[in-house]
Protein chains: 2
Amino acid sequence: MTLLDRLTALLGPAHVLTGRDCDPYTSEWLGKYHWQPIAVLRPANRDEVAGILRIASETGTPVVPSGGRTGLVGGTEAQGRLMLSLERMNRIREIRPAARIAIVEPGVVLSRLHDAAAEHELHFPLWFGARGSAMIGGALSTNAGGSNVLRYGSTRALCLGLEVVLADGRVLNLMSELHKDNSGYDLKDLFIGAEGTLGVITAAVMKLVPAPRAHATAMLAMSSLDAALALLNRLQADSGGLVEAFEYMPRSYQELLVARRPDLGLPFDRIHDVTILVELGATTPRDCTPGPDGVLPLAALLEGTLGAMMEEGLVTDAVIASSEAQRRALWARREAAAEIGTPISGPMVDTDVCVPLDRVARFLSLAGKRIAALDANAFPHCVAHLGDGNVHFAVFPTRDDPGLIEAMIRAVEDTVQELGGSFSAEHGVGLSKLGSMRRRKDPVALDVMRAIKQALDPGNIMNPGKVIP
Amino acid sequence: MTLLDRLTALLGPAHVLTGRDCDPYTSEWLGKYHWQPIAVLRPANRDEVAGILRIASETGTPVVPSGGRTGLVGGTEAQGRLMLSLERMNRIREIRPAARIAIVEPGVVLSRLHDAAAEHELHFPLWFGARGSAMIGGALSTNAGGSNVLRYGSTRALCLGLEVVLADGRVLNLMSELHKDNSGYDLKDLFIGAEGTLGVITAAVMKLVPAPRAHATAMLAMSSLDAALALLNRLQADSGGLVEAFEYMPRSYQELLVARRPDLGLPFDRIHDVTILVELGATTPRDCTPGPDGVLPLAALLEGTLGAMMEEGLVTDAVIASSEAQRRALWARREAAAEIGTPISGPMVDTDVCVPLDRVARFLSLAGKRIAALDANAFPHCVAHLGDGNVHFAVFPTRDDPGLIEAMIRAVEDTVQELGGSFSAEHGVGLSKLGSMRRRKDPVALDVMRAIKQALDPGNIMNPGKVIP
């Protein structure tokens, strides 16, 4: 039997797609990578995944796992490979409110889990623009971040247990629901963030948290990034860490927003250098119960702090959401980032870096100067999860010159490295950052990664060529 | 040159101990394991650690890393091996209050880090009885837990970055200070909890948290464990997760305490079936500012909840600490656990298990019955971090019969497994739980652990014979 015959016998003809049937699976959202797989496989369950990997191992055929394909780094590029789509393994098997856990399959779209948790007054706090398409398996495989990492951590911090099918088809059962479990090496965290290069995640135990019953949300114009950090620290200290999001949009972001999404409007009558979107979440009755004046304690805290900082000249303008609709409107301006952040035409340098919080301003200043020295009219586009030092720093160069683009990437990497940061924060490595891994990652760490990859996938069939240069 | 000559040339004669000079290093606290090492090595820095491991690799000599030797599972047993004591690498290199991190060497004793953090109004929230001797390297290597895991997580959750010397002497630099850093596999978490079998931790970046400025602490008699869980859930919901400790001491614990530490006294006029020590920590000004009645909001919250539950008959007696001295006195009764938890003579079955919170009562009932069926007069001794389902369940059998002891261990393991728990919660595996690993751990997980061990330590010189059966 041919490879495809064996796979068809295993999955049924409806779930082995070839030729044009593969089209929906042959690129990722940004359009930077395109590919033609041998076939797209859509297993229904763990045992079918194991069967696929046994066949792939025996035949030495590379396999690329795929979820919602909302990735940004080419992690699901699959030219001449088998794509293993987890979309049919999409059951929320169980939500146990008392234990605050959800047991899910990898094909569950994030927003479905958001909705399901909400029915129990719980919340799954992994939140980013692509939540309506991104799947939990992909989020685990990239250790996805988003806007609420500040309060709840990245995907890794939200996972208690995993089931993984290894390259040779064996099933690794790490489906713990426990908060303390020291029984040997921490294998779970090895597969989280491995981008499918070590195995296929087929189930997970995810943490849920109490749903915020009220939010205090504001869009702010501030005098500087330092003032913004001072605000963050004050709010965190005064609220006890209830800041859920602290997002930075510079002048260039607002200019792009006006140009490309005029329908969203601007929060202020003019564009400021530093605009911040801040949100606090209230979960306890004492924070959710309005005071005698009808104001929520958390909103009062936010307003009090903003008032004081306006007097000090640190906050120069503010819009506080007074309804859920207003809150959504403020967020729409932030969540348009991905949409407005691609050039209408021409090249783009896209980075996703992290530096210590108090060095974000210095990073932007230094990186900006170095980019300008390379291409005086390049347009830098930036938006940042300022609360955890994660900057999405992109540049639209004025010419499509591979040498220039490479020089820009290195200039950003240099700056990050000088400031003790990382060239990869929350999007993963995939193909896009292989060069950065080669240049910037500790060489011993690369050797250890290679040794582990060789130990777990000796035939190099699991998403080969990704993550490890 | 002989092995010892080479090591002496590297470290100097004062730091290569042999013969009787090794005596302080030849047993662990419980006295269950004794050993005679070839030598005890006391390197001053990372490069000396690397030099030792290069020599050990070349000569195929096994090396056992050692910190404060407060472990409970034989993890530092070193018969006929080199012991590598990290005690001289004990610098707190830096505390950066704004970033809330401490950069430490592995030989830093926990209580020194507690004191150093306190000078900056910060807190290092890893807290257990042995904190005056235990070192951060050992805490990382065992992923130690303790009383405050409920709020702050285990050691793993408190570590941002590591430096590790590998078996062949290469230095792996993972000293990130970032909260988002997805640049390849999560190697850091592989070394945390590996009990020195994959490398030697030579530096770490640890998180600090705002120091609680006030505590609300109480010792409670409760009608049942279910009532205790209801109390925990109410306090967590009302305070927004400010419960720092929720410790359970059953009747048998109190009886042992009276017998062996009568000086500590009893909190109540009689012994109750269910005694709970609960503590909440206040960090925000709004929780630390006394109300018009002079009562802290957090204390008022605790008192209010306790009052309501007393009316419902769920809390039957309560002592609330009204001073730091009273708080310390309540804690002294809990922290005597290790001291009173060893038999005066005779054998002991010691376990450290975890089950889902709502199954702790069922675990104790089932395991108790099964132990009684094996030895009707065996004395079960238990204390639990109830807030995270972690039960230290020990038994003093009436006879020193290896078959009986083995049967008791298996009875506990059976019960844990039936309830979806883990046979190893926070003490590690070492030698003590190798049998449990063999019997209970997913066999594929064991295979993956062996593959990783082989990949990183092909000569099997790093703490061989521990963790992996």
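Select chain A and chain B together: between them, 34 residue pairs, both at pLDDT 80 or more, are in polar contact, meaning N or O atoms within 3.5 Å, one able to donate a hydrogen and the other to accept it, with residues adjacent in sequence counted only if both atoms are side-chain atoms. This is a predicted model, in which local features need pLDDT of at least 70, side-chain atom pairs count only at pLDDT 80 or more, and totals for chains, interfaces and linings use all residues. Residues are numbered from 1 along each chain as its sequence is written, chains are lettered from A in the order in which they are written, and side-chain values use heavy atoms, without hydrogens or water.

Next, colour the side of chain A that touches chain B by element. Those giving two or more residues to it are β9 (171-174), α6 (188-191), α7 (225-239), α9 (285-288) and α16 (443-456) of chain A; helices (H or I, at least four residues) and strands (E, at least two) are DSSP runs. The greatest contribution, 10 residues, comes from α16(A). By class, this side of chain A holds 32 nonpolar, 21 polar and 17 charged residues.

Now display the whole contact, defined by heavy atoms within 4.5 Å: chain A and chain B each bring 70 residues. About 5,400 Å² is buried between the two chains, 58% of it from carbon and sulfur atoms; this is the accessible area (1.4 Å probe) lost on putting the two parts together, summed over both. Select A:K180, A:N182 and A:Y185, which supply 19% of the area that chain A buries against chain B, more than any other three residues.

For charged pairs, zoom to A:R286 and B:D287, a salt bridge whose closest N and O atoms are 2.5 Å apart. The interface of chain A and chain B has 10 salt bridges, each a side-chain nitrogen of Lys or Arg within 4 Å of a carboxyl oxygen of Asp or Glu.

Finally, move to B:G132, in the loop between β7 (122-123) and α4 (136-142) of chain B. Apart from neighbours within four places in sequence, B:G132 is in contact with B:V109 and B:S111. A C-alpha distance drawn from B:G132 to B:T18, 114 residues apart along the chain, reads 26 Å.

Key: Ala, Val, Leu, Ile, Met, Phe, Trp, Tyr, Cys and Pro count as nonpolar, Asp, Glu, Lys and Arg as charged, and the others, Gly among them, as polar.
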